[in-house]
Amino acid sequence: MPLDGKVAIVTGAAGGIGYAIAERFLREKAKVVIADVDTEKGAAAEKDLARLGEVQYMKADVGRRLDVHNLVAAAIDAYGDIDILVNNAGIVHGADFLDLGEEDFDRVLNVNLKGTFLAGQAVARHMVEKVSNGGTPGSIVNMSSINAVFAIANQIPYSVSKGGVNQLTKAMALSLAPYGIRVNAIGPGSIMTDMLSSVNSDPAARNRILSRTPLGRIGEPAEIAAIAVFLASDEASYITGQTVYADGGRLP
Ligand code: NAD
């Protein structure tokens with residue numbers, strides 16, 4: 001098992017891709033902290049996943065520094081260590097550029113980009129201290145998107161935030177490489193989760209996505225979880241600063 005005994009925090013893991021990553025990590029024998037703002041879904045996820053191993057839900061808004069600080073402290077308190085962080089929490093806001101409000105721009109950037117920075121920095125500080133004391137380096141996986149490179153007119157803060165996540169991933173990788181800590185990102189195309197619910201209920205939107213997806217289907221959260229396992233594990237020991245796109249061959 002590549003993640004046997006490792007301790008992982010997965011943010012935004014009460015549902016969707018984060019839940020699938022938490023589930024897969026548990027199957028690989030990791031201990032998992034599910035961090036999410038949604039207490040109801042978080043508690044339900046913890047209950048559901050407990051059959052697979054050691055898992056705890058902890059409430060945290062990744063855009064709030066104090067929440068992130070408390071999350072990291074609580075995870076170390078519960079499991080004694082953090083080996084893996086998956087910065088998965090993310091939100092969208094659809095609006096045309098001319099109508100986009102400042103608050104909505106800030107809200108998306110705060111969760112998707114600043115949240116990745118805050119959690120990444122807090123966990124990295126723990127990992128660096130561990131390495132300095134002779135411990136093994138950890139691995140950080142950030143959730144980007146194919147929209148980091150293909151802009152969409154009505155998802156401006158989202159595309160901008162994910163472009164930022166790619167650059168943050170490279171900068172974190174450079175900064176943490178001297179400690180052996182690897183930082184990579186995953187860039188999914190369209191994956192079947194609540195985030196895509198508007199697409200599911202709109203056949204025209206679904207067809208638009210399929211028409212520019214050569215594999216001809218929408219992806220499954222488990223297909224992203226498989227990449228997270230690989231990047232988090234020692235199997236990816238010489239990979240850092242990269243974004244791996246899983247998008248069905250998506251065309252612009
Ligand atoms: P989702 O909406 O199904 O799940 C997101 C989870 O994040 C939810 O449980 C939500 O409660 C949680 N969350 C939201 N704000 C939070 C915050 N401030 N702090 C902590 N948790 C918070 O979405 P998903 O499709 O599973 O997306 C997961 C990640 O994958 C996101 O970063 C998203 O941008 C990215 N992504 C998704 C797709 C897709 O097609 N679904 C494509 C590319 C990238």
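## Polar contacts to the ligand

A polar contact here is a pair of N or O atoms within 3.5 Å; within protein, one must be able to donate a hydrogen and the other to accept it, and residues adjacent in sequence count only if both atoms are side-chain atoms. This is a predicted model, in which local features need pLDDT of at least 70 and side-chain atom pairs count only at pLDDT 80 or more, while totals for chains, interfaces and linings use all residues. Residues are numbered from 1 along each chain as its sequence is written, and side-chain values use heavy atoms, with hydrogens and water left out.

Let's start with the backbone: an N or O atom of A60 lies 3.4 Å from a ligand nitrogen, and a polar backbone atom of V62 is 3.1 Å from a nitrogen of the ligand. From T193, a polar side-chain atom lies 2.5 Å from a ligand oxygen. On its own the ligand has 830 Å² of accessible area (Shrake-Rupley method, 1.4 Å probe), and the protein covers 92% of that.

## The surrounding shell

With a heavy-atom limit of 4 Å, 30 residues surround the ligand, and D36, N88, Y158, I191 and T193 are the closest. The shell divides into 14 nonpolar, 10 polar and 6 charged residues, with Gly counted as polar and Tyr as nonpolar.

## Salt bridges

Taking a side-chain nitrogen of Lys or Arg within 4 Å of a carboxyl oxygen of Asp or Glu as a salt bridge, the count is 10. One of them joins D194 to K41, with the closest N and O atoms 3.8 Å apart.
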